[in-house]
Amino acid sequence: MIEGIEKAIDIVLSDIDSVTLHFLESCVSCGICAPFCPYTVAGPIYEPADKAEEMRYIYRKRMTIAGKVLGPLVGAKYPKDEEDLDRMVNMAYRCVNCRYCYQTCAFGIYSGKLVIMLRRILDKVGRTPSTLKYLQSIELSDSVLINDRVRERWEGILEEAKKAIGKDLPLDREGADVVYLPWLAEAMLTPEVIVSTIKILDMVGENWTMPSEPLGFEPPMGVIVGDRESERKVFRRINSYMAKVGGKRALISHGGTPYMEMRFEMPFVMNERPPYDVVHVTEYLAELYEGGRIKIRREENGKVTWHDPCKLARGSGVVEQPRILVKASTTDYEDLPRGTGMYSHCCGGGTGIALITCDGRKLIEEFTGEKIEPAEWEKRFCPPLEEDYKKAIKQKIDEISEINANIVVTGCSTCIYNINKGATIYERDFQAVHIVQYLLDKIEVT
Amino acid sequence: MGLYEFAVYDMFVPTIAIFAFGIVYRLSRYVFLYKRTAQPVWRRTSIFRKIYLLIDAFLHAIVGAIKRSKVTFVSGIFLLHFFGVIPVLFLLSHHVAWWSYYFPPYGILKPLAIPTSATSSTLTVTAPFTPVTGMSYSFVNTVWGPLTVILNGDVLAILAIIGTTFKLLEKIPGKFKEKLARVRLGDFVALLLLLAILISGYMATHHLPSGDIETYKFMLGLHIFTAEILVLLLPFTKFFHFVFSFWYGKLHEAYDLWRRGL
Ligand code: SF4
Ligand code: SF4
């Protein structure tokens, strides 16, 4: 028996509610969800229900009478050796939590949620990839600006923003209507998004503020590595900052994990509704546009499309707003052909996957100036993951190529990284940009 | 005592009792695990959008299967469910009579009953003559009209048998070649049981393998017995989707879509 596994299982299963019970008990193995998962291309064993089955083995053994009595005969077992753990890690990290399986399952089962439960068990027995553990430790530090190099990077972004608006930034100011919350992940992946957002807030004369340093790396990293307590810790930090500055509205430019988690999951995790609204920058801009506070200059600059980040669209219902904005900006807009909104196809690298590839590791090391030593088991785990990641992102790249788009506008830093990475690997000549960056020079304040 | 008497007289009450116990047990787990937590602020959408999403939640897996898993759609959804088990189970005339015996209000569906064989299906409203009968309407003059050529027990049972056999065969390479974790031993048991019910029902209807009363009674007994096994196993197997998981899952999904304002 693996040390600590039973305790880990007990902790994770103690959180089951009736909805999770449904996810665990209702799969009939029809395979309808399979073609929609971005990781099915890695092989049929990575279909959503197959990954979720790893969690079901454990659940049946721990919580069903048949599982306790009949064991493996009814698919009930605990992982018992390194080989089992290796398989579990492979399953747990071939999922980007894109919710597409949930949207397409014949029974409304969200396999990705069970995959996250697997990550939670694995985290408790030391099987979280080292880069994610490292990023989690950054997020849990008193300051995410962990060393001089990271601090310099952050201050460089603030300096650039200050130059762009020609005045001091209103940092940590009390009584602002809008509190812009940029994260360290954005500083690493898309620093220009932070500068552009600040510039727009200034242009429209918003009464705004922002923290003098990010409140998290890509909060909550706890949901990515599978650690509830660290999720709560970073949510508490964000909530207390919002209380300190008296913010009524949290504005978020990272439409991946941070937006969806703060907008829809935080109340469940903290068991309280935050006393402020959580708004994505596309919602904010659409509001200004529809309210007549800004105009958008329409330009001809090649074919433009909008990529729906899973967590922003399928996970949070932000589908119409970005289209209103992007369509107003161009004479040549076309939606992506394989599905939009609820049915959009994922970029393939979210929920930590891009960051645990070799390039992801190098990027983090370069950003922080610190070396991250992979554990022994990661040497077996990383090379095949790298290949599967490339296959997963290729589907998005091919979809974009199908309509010959030149510019892919989106609202999530992780999507931008993955799409641009894929365009480089597969030698395509489009580029992904964040909506604030894309609109910046097209916006006119009325 | 033969299998027929055993199935009809001895097994019936235990079957219903185990079924009822199983349903209560399964549902009570849902009730006990229900956790009330804080809710995010719901996104506003119109009532029309909500109705659309509710319908969509029930339909989109089917649409998805038509687009991306055609084989699954034809075998699993179309043959096995829509054109096989569901109409046979609920509308085949023998079954309508059976349901109405135990639950009289079910008799309201009698006019929709599907005849048992393709041979009699020619005697429909479209046939050039109406059979002479003492009843106020000709007994095969179903509301299904010419559709009776397809909507009859024989055709539907054969479609269901083809669908079930295909699903069964399809799972063999899935389990042993591709080593798919989601293909479970229970899937084989469930499909074999279903196949046994379908084949024994078909054979009993046609008085196969021979027309003598003992063989007929045995075959009908086998059909009823295997159906009872399914009913008593239902709460503990994947058949539960039919009475609960499907409905719960889809309603929850629609609720989640409403909340997120999709
Ligand atoms: S959440 Fe997305 S990546 Fe994960 S199993 Fe479901 S479809 Fe696949
Ligand atoms: S669609 Fe749903 S029921 Fe079918 S295999 Fe996938 S998770 Fe299981």
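Q: Where in chain A does A:Pro220 lie?
A: This is a predicted model. In it, A:Pro220 lies in the loop between β2 (208-209) and α12 (221-225) of chain A.

Q: What form does the peptide bond from A:Pro219 to A:Pro220 take, cis or trans?
A: As a general idea, most residues other than glycine have a negative phi, and most peptide bonds are trans. The bond from A:Pro219 to A:Pro220 is cis, with omega near -10°. Chain B has a cis peptide bond too, joining B:Leu208 and B:Pro209, with omega about 0°. B:Pro209 sits in the loop between α7 and α8 (213-233) of chain B.

Q: What is the sign of phi at A:Arg99, positive or negative?
A: A:Arg99 has a positive phi of about 70°, although it is not a glycine. The loop between α5 (82-92) and α6 (100-104) of chain A holds A:Arg99.

Q: How many helices and strands does chain B have?
A: Chain B has nine helices and zero strands. Along the sequence, the pattern reads α-α-α-α-α-α-α-α-α. The C-alpha atoms of chain B fill a box of roughly 65 × 45 × 40 Å, taken along the principal axes.

Q: How do I read the area buried between chain B and chain A?
A: The size of an interface is often given as the accessible area lost when the parts come together. Between chain B and chain A the buried area is about 4,700 Å², and carbon and sulfur atoms give 52% of it. Three residues, B:Arg43, B:Arg182 and B:Arg260, supply 16% of the area that chain B buries against chain A, more than any other three residues. Counted by residues, 52 of chain B are in contact with 61 of chain A.

Q: How many residue pairs are in polar contact across the interface of chain B and chain A?
A: The rule finds 34 such pairs, with both residues at pLDDT 80 or more. On the chain B side, α2 (12-33), α3 (47-68), α4 (70-91), α6 (153-176), α7 (185-205) and α9 (240-260) each supply at least two of the residues that touch chain A. Helix α9(B) gives the most, with 12 residues. The side of chain B that touches chain A divides into 20 nonpolar, 11 polar and 21 charged residues.

Q: How many salt bridges are there across the interface of chain B and chain A?
A: Side chains of opposite charge can pair when their charged atoms come close. Across this interface the rule finds eight salt bridges. A:Glu53 and B:Arg184 meet in a salt bridge, at 2.8 Å from N to O.

Q: How many salt bridges does the rule count over all chains?
A: The count comes to 56. In one of chain A, between A:Glu366 and A:Arg149, the closest N and O atoms are 3.4 Å apart. This pair links distant parts of the chain: A:Glu366 is in helix α17 (residues 358-368), A:Arg149 is in helix α9 (residues 148-165), and the two are 217 residues apart.

Q: Which residues make the nonpolar surface patch of about 560 Å²?
A: A:Ile65, A:Val69, A:Leu70, A:Leu73, A:Val74 and B:Leu185 make this patch. Helix α4 (residues 65-70) of chain A gives the most to the patch, with three residues. A:Leu70 has its place in helix α4 of chain A.

Conventions:
Residues are numbered from 1 along each chain as its sequence is written. Chains are lettered from A and ligands numbered from 1 in the order in which they are written. Side-chain values use heavy atoms; hydrogens and water are left out. Contact means heavy atoms within 4.5 Å. Buried area is the accessible area (1.4 Å probe) that two parts lose on being put together, summed over both. A salt bridge is a side-chain nitrogen of Lys or Arg within 4 Å of a carboxyl oxygen of Asp or Glu. A polar contact is a pair of N or O atoms within 3.5 Å; within protein, one must be able to donate a hydrogen and the other to accept it, and residues adjacent in sequence count only if both atoms are side-chain atoms. Helices (H or I, at least four residues) and strands (E, at least two) are DSSP runs, numbered from the N terminus. Ala, Val, Leu, Ile, Met, Phe, Trp, Tyr, Cys and Pro count as nonpolar, Asp, Glu, Lys and Arg as charged, and the others, Gly among them, as polar. Patches are made of residues with over 30% relative accessible area and no salt bridge: like charges are joined within 9 Å, nonpolar side chains (Val, Leu, Ile, Met, Phe, Trp, Tyr) within 5 Å. Accessible areas come from the Shrake-Rupley method with a 1.4 Å probe; for residues, only the protein chains shown count as cover.
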